[in-house]
Every structure is written in C-alpha cells, then in structure tokens.
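This report walks through one protein chain, from its overall make-up to its sheet and its aromatic rings. The sequence and the model are shown first, and the text follows.

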Amino acid sequence: MTIEQPVAERDLVVSGRLASTHLGDVRTMSRQVVRHFVSTVATCGTLPGEAISGDVTAVTRVCLELAARMLDGDASPEKSERLRTAAAEWAREGIPIDTIHHAVHEGLKMAFDRISANATVRDYQSMVDIARRFLEIVDSITSTVALAYVRELRGVVNEHHTAVHTLTSALLGGHSSSTMARECGIAVADSYHVLALAVPPHRDESDPALDRAVVARRKLRRVQAELARSCGDHALALLSVDGGTVLIPEEHFDPERADEFVERLSAAAQVPIRATLVHSDTDDIPASADRAHELLDIVQRLDLVGGLYRFEDLALEYQLTRPGPARASLGAVLDPLDDSPELLETLRVHISNNLNRQRTARVLYVHANTIDHRFKRIGQLTGFDPGQVKGLWYLRSALVARSYRTGAGGEPARTR
C-alpha cells in the first residue's frame, strides 16, 4: 500500500509534462489574456488604451509568472514581494482594484484551460490536484494585491488627513498662508461656513459588554464618512468622538440645506448631534469659531434637542450670556426654586422640548396635569407665570443666565 504525497510535495504533471510547461511563453499569453479581457470584461472602455496595453498587460504577466512558479511548487517570498511592489504601484497610478482582480481571474482561467486542454483520462488525479493548486494561487494573488492596495491607499489617506489637520489648525489659529496651503495641497477659500458639533455618546458606549472606546471610534468614523460623502474632500474638520469644528468653503455648501446636512450626520452617528453654524471670511475664522462654540455652549447648557442652530436662533440667549448686572439679576429670578428641584427640572425640560407640554410630561414620566400644577407653583414662587408669554420669556432668560452663574449643564464638547 502506497501513501499519497501531499499536493505541495509532488510535481503536477499532465500528459507526461510539468503542468507549467503547457502555459507556453508567459509574455505572449499575457497579451492574449488582455485581448480577451478587453473584448469580454472591459468592453465599456473604462481604462485608456495605454493603461490596457501597458499596466493591465504587466499585471497579467506578473500574475501568470507567479502562477507558473507556484504550479511547480515554488512559493518563494521574493515572488510575492514582486507582486506586492507591483500592486502598490498600480494603486498609486489609480488602476481600479476590480480591474486588477478581473485581469487576474481571466489570466488564471485561460491558464487552467490551456492545461486541461492537454489532459487525458489518465490525468484525472493530476487535474484535481491542479484545481486545488489554482485555488491556492487565486487566494495568494488576490490577498497579496488587496493588502498592497489597502496599505498604499491608507498611506494616501493618512497624508491627506495630516494635510487637512495642519491647514484646519492653521485656519482656526489665524496662521494660514498661501505657502502653507500650497504645501498642504489644499486650496484656501475666501469664506467658510463654520460648524461647531457636539456628538453625544452612543447608547452602546454604556454597554459593559462592549469596549467603549471602540464603539466611540466607530461612531466617529461614521460621521467622517458621511462628511466625506456630503462634502467630498472640501470640508476641513477637527473632530473627536465628542464633537469638534468643521470648515466648509462657501461655494461647496448650501446653508439652506444645512439642517438636512446635520440630520444626515446624526443618522450616521446614530445619535442626535447638536450643531451651530456661523458664516465667516477666512481671516475671521478664529473669532467665528469661538462664536460658534459659544452658541453650542448655550445649546448644551439649555439641553436643547439635537439639530442645527444658527446665530439668529440664539441671539437673545447669546446676549444674555454676556457678563454684567443684567445677567446676575436674571440669574437670581430662579433662586426661589432651589428648594424645589423638580420645578427647576420641569422648566428646563419644557424649554429644551420647544415648549411641548405632552413631550415634557413623557420625558418626566408624569401626567400632563402634573406639568400644569408645577407651572402654577413656579409662577407663585418666582412671580413669573410660565403659561404667559412674558413670564415664559423671563423664565427662559433666567435659566440661561443661571446656567452661566452656576455652570449647570456642563461644558460642551469642543475640539479646536
């Protein structure tokens, strides 16, 4: 009884000859493969003629040479390194990876057909072994090409990210220059829309079974992907998992659709993002970014619902936050509620819910009539009835002033 040798340890022979010899001249075969590739796969003409005759032919030849070596049992590292180097160059030259994979598969199919065309019935076992070897070849080549592409493109992305980070930091710091812009390879616009973002934690970040940092990073990557999808490579962003600053050139952003833009970011992040928007000339970006984050601070302190807020939406609140005797006086209006925290919380939630009484009741898990009773009590203690326009105006203003007096509401997410 004989023990069958593993495929990798015996020669693959068809009709008394090594399987690789049936491939003939690899250079001639690679040109034949490319002609077949052009006529059957790349008929839409997505690549220019020089790419077909040069790059794709080179791809096919390298892979066929590697396949022939592997058919003979030669899987030396230097052969894979040659393919890795070539694939990285193809990635740099912008040849689509699907084109590479199509060319590889077409070449290997033609190679297998050539070998099988010379096989006889007595070569059955050899053809089974050769089929297995071809699967190994396909696995080796496609994984090598894919890995080289990913590494090369990751390097390009990192270079671009570094350039964006450098230029964005310079613009926010008021230190941008035409020289820096040329070095970064990114044109500086005459004016920008400045977005300040606050990104709350995803619900999975509090799941003890999950890694909080990993969940947060995935949330950030989804936001960055949506930003790239909506703005291409025009947006300049400094973002963390908690939020940050985005600068979008005026000509590449429609402020009338800014609310939809923030909604898409929120959908991608799977959390209700709060954002503020300020238009700015390039030279005024540092001051405009400060104003955008001051507005975002107000949104955060008042615990307003997620969405986009412009300066005109918060002009009154912004003015109330300026230091002075008026702010101190307004902040004292709510002092009578210090011994009734449920009343202060009801007022805060009601304002953050855009004065929707039913929603306020749901958030606080009480009946709507309870909200009415609390409003009445607030009016008795403060002298301002939240059911009246003037009373509500004073109470809302007092809540803003009080939040800056006490620091209530916490600090906003801010990455500058």
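A residue is called buried when its relative accessible area is under 20%, exposed when that area is over 50%, and partly exposed in between. By this cut-off, buried residues account for 45% of the 416 residues in the chain. The model is a predicted one, and the account below should be read with its confidence values in mind.

**Confidence and overall make-up**

The chain has a mean pLDDT of 81, with 84% of its residues at 70 or more. Among the elements, strand S3 (residues 191-198) has the highest mean pLDDT, at 95, whereas helix H6 (residues 178-184) has the lowest, at 63. Over residues 1-9 the pLDDT falls below 50, and this stretch has eight contacts in the model beyond near neighbours in sequence. Over residues 42-52 the pLDDT is likewise below 50, and that stretch has twelve such contacts beyond near neighbours in sequence. The chain contains 15 helices and seven strands. Of the contacts between residues at least 6 apart in sequence, 71% join residues that are at least 24 apart.

**The five-stranded sheet**

Five strands make up an open sheet in the order S4-S5-S3-S6-S7, and their pairing is mixed. Strand S4 (236-240) and strand S7 (307-310) stand at the edges, each with a single partner strand, so one side of each is left without a neighbour in the sheet. From one strand to the next, the twist averages 20°.

At the S4 edge, S4 pairs with strand S5 (residues 243-249) in the antiparallel sense, over five bridges. Alanine 237 stands opposite valine 246, which belongs to S5.

Two helices can be placed against these strands. Helix H7 (residues 212-231) lies across S4 and S5 and runs at about 165° to S4. Helix H8 (residues 258-269) lies across S3, S5, strand S6 (274-281) and S7, and its direction is at about 145° to S7.

**Aromatic pairs**

The structure holds five aromatic pairs; two of them are set out here.

| Pair | Arrangement | Centre to centre | Angle between planes |
|---|---|---|---|
| Phenylalanine 311 and tyrosine 318 | edge-to-face | 5.2 Å | 65° |
| Phenylalanine 384 and tyrosine 394 | stacked | 4.8 Å | 20° |

The stacked pair of phenylalanine 384 and tyrosine 394 links distant parts of the chain, ten residues apart: phenylalanine 384 is in the loop between helix H14 (368-382) and helix H15 (389-406), while tyrosine 394 is in helix H15. Phenylalanine 384 has a relative accessible area of 22% and therefore counts as partly exposed. Tyrosine 394, with a relative accessible area of 28%, is partly exposed as well. Ring pairs also bring in Trp393, so that Phe384, Trp393 and Tyr394 are linked into a cluster.

How do the two residues of the edge-to-face pair stand in terms of accessibility, and which of them is buried? Tyrosine 318 is buried because its relative accessible area is 12%, which is under the 20% limit. Phenylalanine 311, by contrast, is partly exposed, at 30% relative accessibility. Phenylalanine 311 has a further neighbour in arginine 291, which lies over the face of its ring, at 5.9 Å from the ring centre.

Technical notes: Residues are numbered from 1 along each chain as its sequence is written. This is a predicted model: local features need pLDDT of at least 70, side-chain atom pairs count only at pLDDT 80 or more; totals for chains, interfaces and linings use all residues. Side-chain values use heavy atoms; hydrogens and water are left out. pLDDT is the predictor's confidence in each residue, from 0 to 100. Helices (H or I, at least four residues) and strands (E, at least two) are DSSP runs, numbered from the N terminus. Contact means heavy atoms within 4.5 Å. Rings of Phe, Tyr and Trp (its six-membered ring) pair if their centres lie within 6.5 Å; planes under 30 degrees apart count as stacked, over 60 as edge-to-face and the rest as tilted. Buried means under 20% relative accessible area, exposed over 50%, partly exposed in between (1.4 Å probe, protein chains only). A charge sits over a ring if NZ of Lys or CZ of Arg is within 6 Å of the ring centre and within 35 degrees of the ring normal. Two strands pair if DSSP finds at least two bridges between them. Axes are lines fitted to C-alpha atoms, for helices over the stretch in contact, and angles run from 0 to 180 degrees between N-to-C directions.
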